[in-house]
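Got your viewer open? Here is a short walk through the pockets, ring pairs and cores, one selection at a time.

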Amino acid sequence: ACRLLPTNLAVMEYNSHNLKSIGSPVARFRAINVGELAPSELSQIPSDVACNLAQTLLISIGSRVMLRKNLWTAKGLVNGALGFVQGIVWHRGSESTLAEFILVEMDSYDSPPFFPRYPKIVPIPPYKGNYEYKGYSCERTQFPLVLAWAITIHKSQGMTLDKAIVDIGKKEMAAGLTFVAIS
């Protein structure tokens with residue numbers, strides 16, 4: 001069951017703990033940043049500004065993940081879709097910091113299969129997002145995925161989850177947070 005937690009910090013801590021507990025090697029994907037700013041400044045731009053693409057993505061086979069972009073809406077590959085990482089495809093001899101694809105078994109994907117023997121596995125490529133920061137044009141390329149054993153209650157708004165464990169914290173952080181979680 002997905003855990004719904006009240007804060008981004010609580011989500012990060014829970015997901016980090018679960019990533020470590022899998023016991024599989026962890027891949028670290030650093031985003032490719034392009035822009036008129038210094039590389040060190042580009043790498044500090046938060047993901048919510050940089051098209052919801054993380055600067056660093058830690059992931060392993062078996063990780064619960066959420067898609068952060070609409071890739072193929074007609075087939076259910078939408079922002080908020082959940083799945084499990086089944087593999088990572090590297091391009092032989094590539095100098096890139098990113099793999100070619102992350103293979104994700106998506107919970108809701110049902111057609112057409114990319115791999116006939118594994119009909120729910122979808123290859124997720126890196127995504128190139130363009131955005132503005134302090135008046136400068138910037139670009140970040142990263143996999144549009146985040147760990148998702150837990151998500152914030154706010155992120156769950158509008159989602160349909162078969163099972164969820166809700167933790168609203170010691171007190172409601174914002175008016176209506178409990179209602180959003182249970183609805």
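Which element gives the most to the lining of the largest pocket? That would be α1, with eight residues. Keep in mind as you click around that this is a predicted model.

**Stop 1: the largest pocket.** Start by selecting α1 (8-22), then add β4 (56-59), β11 (145-147) and β12 (150-152); each of these supplies at least two residues of the lining. The pocket has a volume of about 830 Å³. Of its 26 lining residues, V11, M12, N15, V146 and L147 are the closest to the centre, so to speak your landmarks for centring the view. Colour the lining by residue type and you get 14 nonpolar, eight polar and four charged.

**Stop 2: the second largest pocket.** Now select R64, L82, D107, T160 and L161, the closest to the centre of this pocket among the 19 residues that line it. The space here comes to about 440 Å³. By type, the lining splits into 11 nonpolar, four polar and four charged residues.

**Stop 3: the aromatic pairs.** Show the rings next; there are five aromatic pairs to find. Pick W72 and F114: their ring centres sit 6.4 Å apart with the planes at 75°, and as that angle is over 60 degrees, the pair is edge-to-face. W72 belongs to the loop between β5 (64-67) and β6 (82-89), while F114 belongs to the loop between β7 (101-106) and β8 (121-124), so this pair ties together parts that are 42 residues apart in sequence. Are these two buried or exposed? W72 counts as partly exposed at 33% relative accessibility, and F114 is partly exposed too, at 39%.

Then select F29, W90 and F143, which ring pairs link into a cluster.

**Stop 4: the cores.** Stay on F29 and F143, because both are also among the residues with the most contacts inside the largest nonpolar core, along with I59, I102 and L145. That core has 22 residues. To see where they come from, show β2 (27-30), β4, β5, β7, β8 and β11, each of which gives two or more residues. The largest share, three residues, is from β7.

Zoom in on F29 and list its contacts beyond four places in sequence: they include L57, I59, I88, W90, L98, I102 and F143, plus polar company such as Q55 and Q142.

For the last selection, try L82, A148, I153 and L177, which are part of a second, separate core of 10 residues. You have met L82 already, close to the centre of the second largest pocket.

Note on methods. Residues numbered from 1 in each chain as written. Predicted model: local features only at pLDDT ≥ 70, side-chain atom pairs only at ≥ 80, totals over all residues. Heavy atoms only, no water. 1 Å grid on protein atoms, 1.4 Å probe; cavity = no way out; pocket = protein on both sides within 12 Å on 5 of 7 lines; lining within 4 Å. Points joined across faces, edges and corners; volume = space filled by probe spheres on them. Helix = DSSP H or I, 4+ residues; strand = E, 2+ residues; numbered from the N terminus. Phe/Tyr/Trp six-rings, centres within 6.5 Å; stacked < 30°, edge-to-face > 60°. Buried < 20%, exposed > 50% of the residue type's maximum accessible area, 1.4 Å probe, protein only. Core = buried A, V, L, I, M, F, W, Y, C linked by side-chain atoms within 4.5 Å. Contact = heavy atoms within 4.5 Å.
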